[in-house]
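The following note is addressed to a colleague who is meeting this structure for the first time. The points are numbered for ease of reference.

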Amino acid sequence: MSRYGARPGHGTRRPGVRRRTRALLAGAVLLSAAACGLTSGSPMVDDVEPGSIGRGKPLEGAELTVTSKEFTEQLILGAIMGIAFQAAGAEVIDRTGIQGSVGSREAVVNGEADAAFEYTGTAWITYQGNSKPLPDPREQWEAVRKADLKNGVTWLEPSTLNNTYALAMNRANAKKYGTRTLSDVAALAKSDPGAVTLCVEGEFANRADGLPGLEKAYGMNIPAGNITQMDTGIIYTQAAKGTCTYGEVFTTDGRIKSMDLVVMEDDKKFFPNYNAAPTVNTKTLKEWPAINEVLDPVTAKLDNDVAQTLNAKVDVDGEDPHQVALDWMVDEGFVKEG
């Protein structure tokens, strides 16, 4: 599944994984209402104190609700945000894990939730109705930010974490064919058509911002017989085995690192930018402007390498997303455990 929906494994947890914190989940149910998205939640009760963020507890007295979509990366980012708010003195309600994009988005717009990490490309294309992404990440963020002000949503500074599409191959094939960029893949497809076989999702195979657009942008003409459609999780294993030379992946997926896949650079900047950034209900931000200073240093640390590592702890190792978030916040010195 894509960043618009669920990814497998987000809620799995190994027996015996040590938890130093516990959200009060008993009896709390996350429901998605058709119009608004959220009806209940539970307190985050991590025993954290300010580290490099939250000094002086500038959010003391605030009651903030954090939301997210339901896939692994979003659960981790939602927990990171909530932990940061707690360290700064806020009481936090956890309403992470909302199915799909619309529920969590509408909750922030309507004020049912105060903040969430969102992706620039999702906002630009899905929420704001544009068909052509902006190739420069900063320009894309600025355009999204400007457009969303009228919706009562303020975008804070973005991360370099870019959860977009890519093609990846195993280490042996990377050495054999020597491709590093998508232009290299296009050249290989011309010189040795049989060498370029693809494993892709059905959606990617048919979307304008997927394979058809990719082929057009790079001048590729891959025979239909060289393209196999399959579920996301299988793509990673088949690319790792070399069953297909290239597999469609998401650039922040933990399986890239765990399976030692080599990602091809999108040297013509075809794929949209999906940079993660905090989005905050504008009324909330006006009441609690310190949210900006609390989140900025954390967002600045988020990149694709961090995301792959944290996502793998959940999707590969079976750890709990909230615990993974807390461990990272402590390890980075953002917060201290009480």
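1. In this predicted model, the buried residues of helix α3 are Thr120, Gly121, Thr122, Ala123, Trp124 and Tyr127. Since 6 of the 8 residues of α3 (residues 120–127) are buried, the helix is largely enclosed by the rest of the structure. The elements covering these buried residues include the strands β3 (63–69), β5 (115–119) and β6 (153–155), together with the helices α2 (102–110) and α4 (137–149). Just after α3, Gly129 adopts a positive phi of about 75°.

2. Tyr127 of α3 also appears in the lining of the largest cavity, alongside Ser104, Arg105, Val108, Ala116, Phe117, Glu118, Val153 and Thr279. This cavity has a volume of about 60 Å³. At least two lining residues come from each of α2 and β5, two elements that are also among those covering the buried residues of α3. By class, the lining of the largest cavity comprises 5 nonpolar, 2 polar and 2 charged residues.

3. A further helix to examine is α9 (residues 232–241), in which Thr232, Ile235, Tyr236, Gln238 and Ala239 are buried. Which elements do the buried residues of α9 pack against? They pack against the strands β7 (165–170), β8 (198–200), β10 (246–250) and β11 (261–263), and against helix α10 (254–258). Gly242, just after α9, takes a positive phi of about 90°.

4. Two packed helices are described by the angle between their axes and the distance between the axes. Helix α1 (residues 72–87) packs with helix α13 (residues 304–315) at an angle of about 110°, and their axes lie 9 Å apart. The angle therefore makes α1 roughly perpendicular to α13. On the α1 side, the contact is made by Thr72, Glu73, Ile76 and Ile80; on the α13 side, by Ala307, Leu310, Asn311, Val314 and Asp315. Grouped by class, the contact of α1 with α13 has 5 nonpolar, 2 polar and 2 charged residues.

5. Which residues line the second largest cavity? The lining is formed by Glu73, Ile76, Leu77, Ile80, Leu161, Leu302, Val306, Ala307, Leu310 and Asn311. The elements contributing two or more residues to this lining are α1 and α13. Several of the lining residues, including Ile76 and Leu310, also take part in the contact of α1 with α13. The volume of the second largest cavity is about 50 Å³, and its lining has 8 nonpolar, 1 polar and 1 charged residues. The count of cavities of 30 Å³ or more comes to 2.

6. The open sites should be considered separately from the cavities. The second largest pocket has a volume of about 340 Å³. It is lined by 16 residues, of which Ser131, Lys132, Pro133, Asp209 and Phe270 are the closest to its centre. By class, the lining of the second largest pocket has 8 nonpolar, 2 polar and 6 charged residues.

7. As to the whole chain, the protein contains 14 helices and 13 strands. Of its 338 residues, 55% are buried. Among contacts in the protein with a separation of 6 or more, 80% are between residues 24 or more positions apart.

How values were computed. Residues numbered from 1 in each chain as written. Predicted model: local features only at pLDDT ≥ 70, side-chain atom pairs only at ≥ 80, totals over all residues. Heavy atoms only, no water. Axes fitted to C-alpha atoms, helices over the stretch in contact; angles between N-to-C directions. Helix = DSSP H or I, 4+ residues; strand = E, 2+ residues; numbered from the N terminus. Parallel < 35°, antiparallel > 145°, perpendicular 65-115°, else oblique. Contact = heavy atoms within 4.5 Å. Nonpolar A, V, L, I, M, F, W, Y, C, P; charged D, E, K, R; others polar. 1 Å grid on protein atoms, 1.4 Å probe; cavity = no way out; pocket = protein on both sides within 12 Å on 5 of 7 lines; lining within 4 Å. Points joined across faces, edges and corners; volume = space filled by probe spheres on them. Buried < 20%, exposed > 50% of the residue type's maximum accessible area, 1.4 Å probe, protein only.
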